[in-house]
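Visitor: Could you take me through one part of this model in close detail, and then place that part in the chain around it?

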Amino acid sequence: MKLLSLELITQAHKRLEGIITYNALSYAPRLSKMTNAQVFLKKENLQLTGAFKIRGAFNKLASLKEADIVNKTQILEQGVICASAGNHAQGVAYAAQHFKTRAVIVMPEATPLLKVTGTKAMGAEVVLAGNNYDEAYAYALNLAKERNLTFIHPFADSEVIAGQGSIALEMVEEEKLDIVVVPIGGGGLISGIASAYKALSPSTKIVGVNAKGANAMKNSFYQKKILNSQAVRTIADGIAVRDVNEGVFECILQGVDAIVEVDDEEIASAILFLLESQKLVVEGAGAAGVAALLHHKLDLEPRQKVGVVLSGGNIDVTMLNIIIEKALLKSDRKMKFQVILVDKPGSLQKLTELLTQEGANIVFINYSRVSTKLEYGDAIVELALEIKGKEHKESIQRVLLEHGYKFSEMF
């Protein structure tokens, strides 16, 4: 597959008028200061379906509708099917609802509930199958044959890629960017963006970001041959793709300048950073580009203009809670520990008064005296504290030791 023509991407952008939400590039002051660059965010997490995928899905179905009219066929009317970790699913479901056709969506069994319910709410039939996208994809292809449905590929389709490329048309009009940072799963998003930029601003570098637990595209890119992964594991479910598509791979080789990778800890820190600093809820895949900047994966020159695509915001609330909790512990804003007390009146009160004097806020406490690990007459207390950083934490630990408390930190 070659880079797409600008005409195809422009046509897609016209089809999307009145459908997508236009969000101007947003300057990120804190991120800019931290990287010594000028960083702008493209907030596709604020689209109607919570991700950029609505662009490609709608453009594909719109092209099928136009083909049906010209050729007097009923391909679209028979219904469509796709495989998706969630965002493409909601895009296809929305487009199918718009064009009044049936949609069947096959999702991996571990897909976050938010994405499943969001897809069902748009009238689609959801089928859960497989442990990852690739297994769901294989199941969907068989189901498409059984039910005579048109398969809408999430990334290896020129009309889908053209829809995603419409993002770049908007970015080019607003800022002359030196670098554009894009998350990579299957590669449809970065292929569309690269196609548009190579036509309109060839000096702009296109940098992809893989999750370390799903880095087949990065490995293939640098070896110049397809190297699929045996398995994938990452909190960034939107880019958890095991296998590299040959056509998309060729497009990426032509249009992408570099690919970097970030691990789950780095992605989690970026999610929390965006939540706190930009007041944006972003899923793992959507935060990958910011993670690359925060953890210095790119060689940036001072004051370079960098555009980062926040591809989606459909994060499961449970996952968000875990990320926040772990991040608070890691950044020493929260402390968890257990301590052994003599089980007698006043022991717990003495401990809590000591913590109060140190300015720690107790947010959780559990008292038990039945553990088999305890000596008779002892009790074990588990506590969670809100604290004010590393120095505060060390001060609390020092005071506990000075007063003879035996404690161990919990993670």
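Guide: What follows starts from one helix residue and moves outward to the cores, the sheet and the whole chain.

This is a predicted model, in which local features need pLDDT of at least 70 and side-chain atom pairs count only at pLDDT 80 or more, while totals for chains, interfaces and linings use all residues. Residues are numbered from 1 along each chain as its sequence is written, and side-chain values use heavy atoms, with hydrogens and water left out.

Ser 166 belongs to helix H7, which covers residues 158-174; helices (H or I, at least four residues) and strands (E, at least two) are DSSP runs, numbered from the N terminus. Ser 166 has a relative accessible area of 0% and is therefore buried, where buried means under 20% relative accessible area, computed with a 1.4 Å probe and protein chains only. Once its neighbours within four places in sequence are set aside, Ser 166 has contacts with Ile 9, His 13, Leu 16 and Arg 55, a contact being heavy atoms within 4.5 Å.

Ile 193 leads on to the nonpolar interior. With neighbours within four places in sequence again left out, its contacts include Gln 164, Gly 165, Ile 167 and Ala 168, as well as Val 180 and Val 309. Ile 193, Ile 81 and Val 180 are the residues with the most contacts inside the largest nonpolar core, which has 49 residues; such a core is a set of buried Ala, Val, Leu, Ile, Met, Phe, Trp, Tyr and Cys residues joined through side-chain atoms within 4.5 Å. A second, separate core has 37 residues, among them Ala 37, Val 262, Ala 285 and Ile 315.

Turning to the strands, an open sheet of four runs in the order E5-E4-E3-E6 with parallel pairing, where two strands pair if DSSP finds at least two bridges between them. Strands E5 (125-128) and E6 (150-151) form the edges and each have a single partner strand, so one side of each lacks a neighbour in the sheet. Strand E3 (residues 80-83) pairs with strand E4 (residues 103-107) in the parallel sense over four bridges, and Cys 82 stands opposite Ile 105 in E4.

For the chain as a whole, the secondary structure comes to 15 helices and 14 strands, and 57% of the 411 residues count as buried. Of the contacts between residues at least 6 apart in sequence, 71% join residues at least 24 apart. The C-alpha atoms fill a box of roughly 85 × 50 × 40 Å along the principal axes.

Technical notes:
Buried means under 20% relative accessible area, exposed over 50%, partly exposed in between (1.4 Å probe, protein chains only).
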